[in-house]
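Colleague: I am new to this model. Please take a close look at its loops and tell me how they relate to the rest of the chain, explaining each term as you come to it.

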Amino acid sequence: MTVELVPAGEADKPVLENLLQFYLYDFSEIRGERLTPHGTFTYHYLDYYFLGDDREAWLITVDGELAGFAFVRGDLAEDWNVGEFFVLRKFRRQGVATEAARLLFTTHPGEWTLSFDHDNAPAVAFWPAIARAVAKGPVEVDDAYAHESGAPSTRLRFHVADL
């Protein structure tokens, strides 16, 4: 099984919009996301991932088949942050997310941060383990109420070495 990260371009926006529906559907269980009257979920930030050098959108593929996406953004301190990360259920529990995350972190050696909700049990198990696996040095853990929703969350900060 070959997991790859493919940079998403403007032409991939419709694909990402479709994948975001699955992602937000999964999140509706955790954060109570609501459907629009049209029966879809709303994600307000997709365009930002195509407007500047400080954000990137990636498609995740497995043996050439679409399997998910990842959004990352940089900040002025030259840290990178995982904005969104999603793997289709069909590909879960096969090491796809682990390999995709590892590939993602190696795109920008240096400082990384990511946050996850305490109510997101898969994320609670996954992100600390992958952060420890890729980090050179300690993984800082900060429990907070970081999201606009006020949901209890954990923020991880770690350094990824240049490979």
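Modeller: A residue is called buried when its relative accessible area is under 20%, exposed when it is over 50%, and partly exposed in between, with a 1.4 Å probe and protein chains only. The model is predicted, so local features need a pLDDT of at least 70 and side-chain atom pairs count only at pLDDT 80 or more, while totals for chains, interfaces and linings use all residues. Residues are numbered from 1 along each chain as its sequence is written, and side-chain values use heavy atoms, with hydrogens and water left out.

The loop between β4 (80–87) and α2 (96–106) is a good place to begin, with helices (H or I, at least four residues) and strands (E, at least two) being DSSP runs numbered from the N terminus. Arg93 lies in this loop, and its phi is near 65 degrees, a positive value in a residue other than glycine. With a relative accessibility of 86%, Arg93 counts as exposed.

Lys90 also has its place in the loop between β4 and α2, and with a relative accessible area of 55% Lys90 is exposed. The C-alpha atom of Lys90 is separated by 25 Å from that of Thr106, although the two residues are 16 apart along the chain.

The side chain of Lys90 meets that of Glu65 in a salt bridge (2.7 Å, N to O), a term for a side-chain nitrogen of Lys or Arg within 4 Å of a carboxyl oxygen of Asp or Glu. Because Glu65 lies in strand β3 while Lys90 lies in the loop between β4 and α2, this pair ties together parts that are 25 residues apart in sequence. Glu65 is partly exposed, at a relative accessible area of 37%.

Arg89 brings a further contact to the loop between β4 and α2, for it forms a salt bridge with Asp26 in which the closest N and O atoms are 2.8 Å apart. Since Asp26 belongs to helix α1 and Arg89 to that loop, the pair ties together parts that are 63 residues apart in sequence. The two partners fall into separate accessibility classes: Asp26 is buried, with a relative accessible area of 14%, whereas Arg89, at 55% relative accessibility, counts as exposed.

From here we can turn to other loops. In the loop between β2 and β3 (65–74) we find Asp63, whose phi, near 50 degrees, is a positive value in a residue other than glycine. Asp63 counts as exposed, its relative accessibility being 54%.

Asp79, in turn, shares a salt bridge with Arg157, their side chains meeting at 2.4 Å, N to O. Distant parts of the chain are linked by this pair, for Asp79 is in the loop between β3 and β4 and Arg157 in strand β7 (residues 153–160), 78 residues apart. Asp79 counts as buried at 6% relative accessibility, while Arg157 is partly exposed, with a relative accessible area of 25%.

Asp79 also serves as a reference point for the loop between β5 and α3, where Asp119 has its place. The C-alpha atoms of Asp119 and Asp79 are separated by 26 Å, and the residues are 40 apart along the chain. Asp119 is exposed, having a relative accessible area of 58%.

The loop between α1 (13–31) and β2 (55–62) holds Leu51, which is exposed at a relative accessible area of 67%. Together with Tyr45 and Tyr48, Leu51 forms a nonpolar surface patch with about 350 Å² of accessible area, an area found by the Shrake-Rupley method with a 1.4 Å probe, where for residues only the protein chains shown count as cover. Patches are built from residues with over 30% relative accessible area and no salt bridge, like charges being joined within 9 Å and nonpolar side chains (Val, Leu, Ile, Met, Phe, Trp, Tyr) within 5 Å.

To set the salt bridges in context, a search of the whole structure finds eight of them. Beyond the pairs described above, Glu10, Lys13 and Asp47 are linked in a network of salt bridges. If you want one place to return to in the viewer, choose the loop between β4 and α2, with Arg93 and Lys90 in it, and then follow Arg89 from that same loop to Asp26 in helix α1.
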